[in-house]
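Please read the following report with the sequence and the three-dimensional view side by side, and locate each residue as it is named.

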Amino acid sequence: MTVSAYYRFVVLFFNCLLTFGSYFCFDIPSVLQEQFQGNLTCPNGTQHNDTGHNGTLDCVEGLGMTPAEYNLLYAIYAWTNALVVVVAGFLIDKLGNRFGVFVFSLLTVLGSSIFALGSHFKGTPYLLPMMLTGRLLFGSGNGSLTIVQNRITAFWFKGKELALAFGLTLSFSRLGSVLNFFFTQQFESHFGIQWTLWGGTLLCVLGFISAITVSMLDKVGMKQLGLDGVIQQESKKVRVQDVRRLPLRYWLLVLTIMFFYNGVFPFVADASKFIQDKYSGYSQQAAAYIAGAVYDSSLVLSAAVGILIDYVGLRGVFAVGCAVLTLPVFALLAFTFVPPLVSTIWLGITYSFAAASMWPSIPLVVPQATLGTAMGLATSVQMIGIGLSNLIVGHILGTKSSELKIPLWRWQQMMIFMLANTIACIVTSVSLNVVDRKQGGTLNRTTKRSPVEHEERQPADVAPLLSSEPGNDGSVN
């Protein structure tokens, strides 16, 4: 028995909504950094002048955080993500998608609620502990929610419009980030920081409602396919020790993802400051818009790129191509004065192809029953790599907060470090293609045109990770 394409895309719609609100909520502090670090009180009221052209220091009323305390909000999120997602992925494999989507979406609601509640305690010793606790719970939920979201997408679209489905989920998440960038500042100026944070919580509640809906749809659809009991039985067989038996292709894919993202996220984090320091005539707002073009490009292109990859396949080839074509981006930024918008749009295009080709490849090399664990490990390695890259970039830039402008030679060294990560990505992606070719060429096979039906892939999807047959790497072809 099968389900219609209409039903699968209804599942996908509510699955996309899972992380829309949490991505919006995650980026609120970056938009309101001045308010988070603003004065507890202002004698003449709150002023919102970002440019300071009048030569005086504006008083911005806010929560009174120090820069170190503010950055701790992001640090605790990243490291919590890196630790929790592995355990979360294993639990999702053991207990199922419905358990994961309910618990982790609830954690994002609880975390954002405590975070917003903490803002009401400004000027007290309770502010920072409450907001850090909120970010910790929010990080535990949001990173894990992305895993279960990918797991649901992989089940309903494997052998069909897999890259398109992954591209749409990425687009919805990035839409949350982009809308936050455009509207949060205006909302805060009218309603204040507390109500703005509660607004983010409300969007996380929307994700929780979507979680309940997608759970119901998933349950009904699985019963129609007759797979509900089979998947549950196979999930019970998943063991922690099975991680050691994940195929070589999987680990090469994880390293390819890590090295590529090591060049993207740390760059975007410092891109606005870099643009202002190296290129003349860019205000802080203009530099931020140019840096954000990386994500704007991915928002626009992800779905179309997904459709393309679904039709032509060649995921391994695209992975190599993305890495090779990213090399000129950092070379231009390091050694030329070509307008930075060229490089950020270029990087956004390669990032779109990388996201649509690399992440959807994971379900093709591991069984469905262990996909949560595999996604969790991949996310953890990615977050650890990004965290370490951020530390290295901070050491390279090596500037004190009092310095207004970072020397260009330091920025050049940072771009060379980005180039090194991209070269490492090329090496791992080429190795991935070589191993994949020897083991059947799964990654470079066309998905859309291949006659893989839901029933035909059922045995592979529920197959145990371990296999006694020689030459079998446990992959799904």
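In this predicted model, Phe267 touches Phe274, Phe330, Leu333, Thr344, Leu347, Met414, Met415 and Met418, when residues up to four places away in sequence are not counted. Phe267 is also listed among the residues with the most contacts inside the largest nonpolar core, together with Trp156, Tyr250, Phe260, Ile362 and Met415. This core has 92 residues, and helix α10 gives the most to it, with 13 residues. A second core, separate from the first, is made of 16 residues, including Ile28, Leu63, Met65 and Leu73.

These cores belong to a protein chain of 477 residues, of which 54% count as buried. The chain contains 18 helices and 0 strands, and among its contacts with a separation of 6 or more, 83% are between residues that lie 24 or more positions apart. The accessible surface of the chain comes to about 20,100 Å², and 67% of that surface belongs to carbon and sulfur atoms.

**Salt bridges**

Side chains of opposite charge can pair when their charged atoms come close. How many salt bridges does the structure hold? There are 2 of them, and the table sets out their partners with the distance and the helices involved.

| Pair | Closest N to O | Helices | Separation in sequence |
|---|---|---|---|
| Arg98 and Asp218 | 3.3 Å | α6 (residues 97-118) and α8 (residues 162-225) | 120 residues |
| Arg249 and Asp436 | 2.8 Å | α10 (residues 248-278) and α17 (residues 408-438) | 187 residues |

In the pair of Arg98 and Asp218, which links distant parts of the chain, the two partners fall into separate classes of accessibility: Arg98 counts as partly exposed because its relative accessibility is 21%, whereas Asp218 is buried, with a relative accessible area of 3%. In the other pair, Arg249 counts as buried at 0% relative accessibility, and Asp436 is likewise buried, with a relative accessible area of 1%. Because Arg249 lies in helix α10 and Asp436 in helix α17, this pair ties together parts of the chain that are 187 residues apart in sequence.

**Two buried residues in helices**

Helix α17, which holds Asp436, is also where Ile426 is found. Is Ile426 buried or exposed? With a relative accessible area of 17%, Ile426 is buried, because the limit for that class is under 20%. Leaving out residues up to four places away in sequence, Ile426 touches Ala323, Val324 and Leu327. The C-alpha atoms of Ile426 and Gly321 are separated by 8.4 Å, although these two residues are 105 residues apart along the chain.

Helix α6, the helix of Arg98, also contains Thr108, which counts as buried at 2% relative accessibility. Which residues is Thr108 in contact with, once its neighbours within four places in sequence are left aside? They are Phe138, Gly141, Asn142, Leu145 and Cys204.

**A nonpolar patch on the surface**

Turning to the surface, Ile307, Leu308, Tyr311, Val312, Leu314 and Val317 form a nonpolar patch, and together they have about 450 Å² of accessible area. The largest share of the patch, 4 residues, comes from helix α12, which spans residues 293-312. Leu314 is found in the loop between α12 and α13, the latter covering residues 315-335, and with a relative accessible area of 34% Leu314 is partly exposed.

The backbone of Leu314 also deserves a careful look. Most residues other than glycine have a negative phi. Leu314, however, has a positive phi of about 55 degrees although it is not a glycine.

**Confidence in the model**

How confident the predictor is should be kept in mind when reading any of these details. The protein chain averages a pLDDT of 79, and 80% of the residues score at least 70. Where does pLDDT stay under 50? One such stretch is residues 48-57, for which the model has 8 contacts beyond four places in sequence. Over residues 448-477 the pLDDT is below 50 as well, and this stretch has 62 contacts in the model beyond near neighbours in sequence.

Note on methods. Residues numbered from 1 in each chain as written. Heavy atoms only, no water. Buried < 20%, exposed > 50% of the residue type's maximum accessible area, 1.4 Å probe, protein only. Contact = heavy atoms within 4.5 Å. Areas by Shrake-Rupley, 256 points an atom, 1.4 Å probe, with all protein chains shown as cover. Patch = residues over 30% accessible without salt bridge, like charges linked within 9 Å, V, L, I, M, F, W, Y side chains within 5 Å. Salt bridge = Lys/Arg side-chain N within 4 Å of Asp/Glu carboxyl O. Core = buried A, V, L, I, M, F, W, Y, C linked by side-chain atoms within 4.5 Å. pLDDT = per-residue confidence, 0-100.
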